[in-house]
Amino acid sequence: MIKLVVSDIDGTLLRSGEKELKKEIIEVIGELKKKGVLFAAASGRPYTDLRHLFGNAAKDMAFLASDGALVSYHSEIIGKFPIDRETGFALMKEIYMETQAEVALYGAYMAYSIPKEESFASYFRKTMNNHAEEVDCMRKVPEEYLKIGIFHKEDVEKYAGAVASYWNDKLHRVYSSRNWIEYTNAGVHKGAALDKLMRTFDVAPDEVLAFGDNKNDKEMLALAGCSYAMGHANREIKELCGYETENPIETIKVLFGL
């Protein structure tokens with residue numbers, strides 16, 4: 001019997017171009033609660049941004065935020081896996097000083113940057129739903145370093161990849177795209193966060209239903225006893241999963257008779 005449903009957000013619950021969750025998603029989370037099933041949102045987004053996204057439903061959910069660097073339930077943080085401050089600062093300083101790329105730092109409650117260009121500052125504030133703060137030195141950030149992002153508006157690998165690659169053996173490169181490279185602490189990913197949540201609630205793998213679409217979901221999808229890949233996911237992700245879906249909420253409704 002499924003006791004825990006965990007889903008990626010961007011590209012899974014939120015499709016391309018969508019900024020807000022559909023009302024139906026919030027309703028389904030409420031129906032799952034009535035059946036004694038916990039719903040968890042797993043995302044690269046920071047904790048504060050995720051709580052804002054889910055609104056009133058957040059109080060009944062669990063969150064695997066910042067690609068697994070923070071785990072929470074009922075507004076209580078039950079697991080946090082930060083990057084060592086000296087290691088994180090050294091990475092950010094090297095990228096900032098030696099490349100044309102921008103640097104972003106994610107804590108539990110805010111995201112931080114030292115923008116080189118106003119266009120990045122504006123983009124970052126918008127992306128973080130204004131849960132972003134500009135600082136003049138990352139050492140002054142009061143929060144623990146949960147995740148570090150490297151951004152370039154054209155091609156981050158071209159302009160910062162050679163420098164960033166030095167850190168691949170020291171930290172976990174949890175996400176890569178044309179514009180972003182992101183790092184969590186070594187061994188920190190959505191799968192490790194899901195394992196923490198499962199151990200907290202004594203949930204076995206065959207009692208977990210998971211949905212995802214990207215490489216940063218692979219450890220989570222591999223751990224769940226029942227996993228669905230989105231139809232647009234790449235071959236690697238689909239091969240991890242037993243099933244595919246185009247609509248996770250419709251799939252949940254069918255599986256639980258909602």
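**Close-up 1. Strands E6 and E7 pair through 3 bridges.** The two strands, E6 (residues 102-106) and E7 (residues 111-113), run antiparallel, and a hairpin of 4 residues links them. Strands here are DSSP runs of at least two residues (E), helices are runs of at least four (H or I), and both are numbered from the N terminus. Two strands count as paired if DSSP finds at least two bridges between them. Within this pair, Ala 104 has Ser 113 of E7 as its bridge partner. Please keep in mind that this is a predicted model, in which local features need pLDDT of at least 70 and side-chain atom pairs count only at pLDDT 80 or more, while totals for chains, interfaces and linings use all residues. Residues are numbered from 1 along each chain as its sequence is written, and side-chain values use heavy atoms, leaving out hydrogens and water.

**Close-up 2. Strand E6 also pairs with strand E9 (residues 147-151).** This pairing is antiparallel and spans 5 bridges; in it, Val 103 is matched with Ile 150 of E9. Because 5 of the 5 residues of E6 are buried, the strand is largely enclosed by the rest of the structure. Buried means under 20% relative accessible area, exposed means over 50%, and partly exposed lies in between (1.4 Å probe, protein chains only). Both faces of E6 are covered, with Glu 102, Ala 104 and Tyr 106 on one side and Val 103 and Leu 105 on the other.

**Close-up 3. Tyr 96 of helix H3 (residues 85-98) touches strand E6 residue Val 103.** Its other contacts, leaving aside neighbours within four places in sequence, are Ile 114 and Lys 116 (contact: heavy atoms within 4.5 Å). Tyr 96 is partly exposed, at 29% relative accessible area.

**Close-up 4. Asp 67 sits in the loop between strand E3 (62-65) and strand E4 (70-73).** Asp 67 is buried, with a relative accessibility of 1%. Its side chain makes a polar contact of 3.0 Å with the side chain of Lys 147. A polar contact is a pair of N or O atoms within 3.5 Å; within protein, one must be able to donate a hydrogen and the other to accept it, and residues adjacent in sequence count only if both atoms are side-chain atoms. Not counting residues up to four places away in sequence, Asp 67 also touches several others, among them Ser 43, Glu 182, His 189 and Asn 216.

**Close-up 5. His 74 and Ser 75 lie in the loop between E4 and E5.** Neither is a glycine, yet phi is positive at about 50° for His 74 and near 70° for Ser 75. Both are partly exposed, His 74 at 42% and Ser 75 at 45%.

**Close-up 6. The largest pocket holds about 940 Å³ of space.** Its lining has 28 residues, and Asp 10, Arg 45, Asp 49, Thr 127 and Met 128 lie nearest its centre. Helix H2 (47-54), helix H4 (118-127) and strand E11 (180-184) each give two or more residues to this lining. By class, the lining has 7 nonpolar, 8 polar and 13 charged residues. A pocket is an open set of points on a 1 Å grid over the protein atoms alone where a 1.4 Å probe fits, with protein on both sides within 12 Å along at least five of seven lines; lining residues have an atom within 4 Å of a point.

Terms used: Points joined across faces, edges and corners; volume = space filled by probe spheres on them. Nonpolar A, V, L, I, M, F, W, Y, C, P; charged D, E, K, R; others polar.
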